[in-house]
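Here are my notes on this one, written as I clicked through it. Have the viewer open while you read.

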Amino acid sequence: MGILGPIYNLLSTGPGTFVYHLLILLALEGAAGIALVEYRHTRNPDQRRFLIAFTVVLLLRVPLLVLGPQGHNLLAPLLYALEVASLSVMSWAFLSPLIGRRAGRWFLLIHLAAIVGLILMFFPFWYPLARSVPFFEYTAFWQQTVWDLWATLLALFSGLYLVLQRRRVEYPLPGIAFLIIALGNGLVTGDQAGLGRLINLLGYPLISVVVYRAALQDLWSYRQELQTLSERSLQQTRELLSLLEVSQALSASLELERILKQVVEHVAQALDADRVAVLLHPLEESPDGSGEEAPGHLRLMALYAPLTGHLALTDPVDVPLDQYPLLAHAVRRRRHLILRPQRSQPDLQALYDLLQSPKGGTVMVQPMVQRDRVVGVLMVVNDHRPGPFESRDIRLCESIAAQMAAAIENVYLYRRLEREVQRLEQALREREREASLREAILESTAEGIIVTDERGVAIRMNAAAERILGVPRERLLGRPVQPALETFVAQPLGDVAHLQSPLHTLFELEGKQIAVSAAPVRLPSGEQLGAVAVLRDVTREVQAENSKREFIAHVSHELRTPLTAILGYSEALYSGMVGPLSHTQATFLHIIHDNARRLVAIANNLIAVAESERGGLELNYVPTDMALLVGEVLESFVPQMKARQLEWRLEVADDLPLVEVDPLRIRQVVSNLLSNAVKFTYPGGRVTVGLAAVPEPGGAPPQFCRLWVQDTGIGIPLEEQSRVWERFYHTDDPLRMAAGGMGVGLSIVKSLVEAHGGRVWLESAPGQGSTFTVLLPIRRPPSPAAADVTTDEYPAIEQAMG
């Protein structure tokens, strides 16, 4: 064996064992250091795995260095287990990329669990033996053979697997290293411990060489990647510079012809092309004045050849797409088209002729697409230098085409905007003229006009409004109109600013009577924009109306005094108090009495009209027997009904309670309704007067009393029924004209009923008579606001209305 014999014999002793473990630790430390440095620079996950593995192996083998040479027989199973565990961790580090991360973890966990299990199983056998036989060596015990055999098989498996996976492993050195370690462990198992350790001293440093070589490989790959990235960055920089030049040319002007001449030159330089041409869709004028692209043909706008310069294009050349199928195909695809020269290809020759290329060559047709619409085509030709276009040329051409499409679209948009600006300027001038006309009309109007916005702020006011209010417009404009007007007139006007329906009101200002008519301003969609108020100085009209009312009231009162005397004396004479009367005298007295009563009724109606218009209608509520009151009024009309040969009937419900009303006013209501019924019913007709309480749901006490007057007269057409309540309204019916009257009776009825908090309505049809129904509260309303009754509040009203 020569000199090697003493060496591997020495490695079997205690000092040799120390040197053996120290050398292995130094080799593993070197591998861990290489992995650490490489991982810090490259963050390679393989180097991270090596770093973790060799760090753990170093920690596992330190006890071997410290305790192994001392011959601690009691800890011998643990030391052998640590050596097998370190080998398991190294195997995991190299096998994990090949078998997968998950399988690698399971591989390591199974081995470590098996090692722990063997330790727990071996110690009960070894510990009593080591205590009873102090100098008994573990190497002579059967357990040591198990550990050595496990280490041998583990290294052999790892080495063979790495060698057999040579297609996935760049070099076989890791497998060789594990096979050397397997050989060394096998010799140790065969009782050649020194020779086995000597061979292991070759295998473990070889592991460090493997890690070092992997680090070098990573550095080389990193260098290659950096070089590739540098070349790509340089190429991208050149392309960006070309794009920048094209972009600057495109943004320098909005003159399309000038832009295209500069762009084709930059494109030719960027692509090192022999010819560059730009074809665009021409714009055609649309009926509304805007430009639209003409489909079906293109127009050659610019052509450039670096060898000859700009080719002469005195005018753009029309290019019908039906004569150039290759162009039409590229436009339809909206993607680039590479055309290589071939024999007997007339469609390609047509493109050569269009581009004035005598030799021909490879052609790249790149549509310029903007917003999914083709605005033109960029064509590049190599007719002097052979060879196809490279992928970078195609990418650069696509980028340039995208920029050109956007710039051309901006030019088209600018032209459309110019036309639109001109149209808007014309429309603005028309609007200004119309606004001036409206302003002149507004200022010339005699009525005052105030306009508010949706917030109720005054935005317009004419001179007439200033004159009527006596306030300069500067004090109103820009302020909420409601509080401002109430400040000037010192009385509430209602919500003028936020009207939902027209409003008509009257107020007094410094002795003047001002009428206000306000209405909301709405769009057809219903959105409210504000309100407009019209002011009129109606002082003279109000004074005249007041004088008329005072005159009518005065005359009515003056008439009622002598008429009362006439009625009294005529009744006395008619009753025979001053002696018997002849038939002729009695007839004359009857005529005098009837006409006096008619004049009294007219005077009472005129007084009621005057009081209603003046707002001084006062009611004296008294619990009233409505049946008695209505019977008395009906009895007073009996002579007239007999004279007109009419039938009459009074229908009164038994359960009618006393009703709180003003008996004089209600008597006037019943009298006016009966007067109408008698006057407009033909002889032989019938008049019915009825009274009843309106039943409440659930048997509750009634709250309303219903009075109705029904006749079989001429009836009222539906279109006139809403007007019969107007003052002084007359129809053209002959019977109505013959009946005479002032036309205020029904208007007074409505006013008196509503003053009591009631309602009155009409049901009629021509030739079928009429029914007037009055609904009165049985109890006096507590306030004027409570007098407004609705069918929502009282369902009995809706039932009474049928």
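What follows is a set of numbered points, going from the whole chain down to single residues.

1. First, the overall picture. Keep in mind that this is a predicted model. The protein has 802 residues, and 43% of them count as buried. Its secondary structure comes to 22 helices and 21 strands. The accessible surface is about 43300 Å², with 57% of that belonging to carbon and sulfur atoms. If you take the contacts between residues at least 6 apart in sequence, 61% of them join residues at least 24 apart.

2. Now to the N-terminal end of the numbering, and helix 2, which covers residues 14-42. Val19 sits in that helix and counts as partly exposed because its relative accessibility is 40%. Val19 also belongs to a nonpolar surface patch, along with Phe18, Leu22, Leu23 and Leu26. Together these five residues put about 400 Å² of accessible area on the surface.

3. Next, a helix pair. Helix 3 (residues 45-67) packs with helix 4 (residues 76-99), the axes being 9 Å apart and the angle about 170°. The two are therefore roughly antiparallel. Plenty of side chains are involved: from helix 3 the contact list includes Phe50, Phe54, Val57, Leu60 and Leu64, and from helix 4 it includes Leu82, Val89, Met90, Trp92 and Phe94. Charged residues turn up there too, among them Asp46, Arg49 and Arg61 in helix 3 and Glu83 in helix 4.

4. Which way does helix 9 run against helix 12: roughly parallel or antiparallel? Their axes come within 11 Å and cross at roughly 175°, with helix 12 spanning residues 391-444. That angle makes helix 9 roughly antiparallel to helix 12, since anything over 145 degrees counts as such. On the helix 9 side, Leu256, Ile259, Leu260, Val263 and Val267 are among the residues in contact; on the helix 12 side, Leu396, Ile400, Met404, Ile408 and Val411 are among them.

5. Stay with helix 9 a moment and look at Leu271. Helix 9 covers residues 256-271, and Leu271 is part of it. Leu271 is one of the helix 9 residues that meet helix 12. At 2% relative accessibility it counts as buried, because the cut-off for that is under 20%. Leu271 also makes a good example of a pairing across the sequence: Phe389 is 118 residues away along the chain, yet the C-alpha atoms of the two are 9.1 Å apart.

6. On to charge pairs. Side chains of opposite charge can pair when their charged atoms come close. The model has 15 salt bridges by the usual count here. In one of them, Glu466 meets Arg473 at 3.0 Å, N to O. Arg473 counts as buried, because its relative accessibility is 18%. Glu443 joins these two in a network of salt bridges.

7. What does the salt bridge between Arg667 and Glu632 tie together? The N to O distance is 2.9 Å. Arg667 lies in helix 19 (residues 663-679) and Glu632 in helix 17 (residues 626-636), so the bridge ties together parts that are 35 residues apart in sequence. Both ends are partly exposed: Arg667 has 31% relative accessibility, and Glu632 has 37%.

8. Helix 21 has a local version. Glu754 and Lys750 form a salt bridge at 2.6 Å, N to O. They are four residues apart in helix 21 (residues 745-755), so about one helical turn separates them. Glu754 is partly exposed at 42%, and Lys750 is partly exposed at 28%. Elsewhere in this helix, Gly745, Leu746, Ser747, Ile748, Val749, Leu752 and Val753 are buried. After the helix comes Gly757, with a positive phi near 85°.

9. Last, two backbone spots to check. Arg334 is not a glycine, but its phi is positive, near 60°. It is in the loop between helix 10 (325-333) and strand 7 (337-339), and it is partly exposed at 36% relative accessibility. Arg371 likewise has a positive phi, about 55°, without being a glycine. Its loop connects strand 8 (362-369) and strand 9 (374-382), and at 71% relative accessibility Arg371 counts as exposed.

Terms used:
Residues numbered from 1 in each chain as written. Predicted model: local features only at pLDDT ≥ 70, side-chain atom pairs only at ≥ 80, totals over all residues. Heavy atoms only, no water. Patch = residues over 30% accessible without salt bridge, like charges linked within 9 Å, V, L, I, M, F, W, Y side chains within 5 Å. Areas by Shrake-Rupley, 256 points an atom, 1.4 Å probe, with all protein chains shown as cover. Salt bridge = Lys/Arg side-chain N within 4 Å of Asp/Glu carboxyl O. Buried < 20%, exposed > 50% of the residue type's maximum accessible area, 1.4 Å probe, protein only. Axes fitted to C-alpha atoms, helices over the stretch in contact; angles between N-to-C directions. Parallel < 35°, antiparallel > 145°, perpendicular 65-115°, else oblique. Contact = heavy atoms within 4.5 Å.
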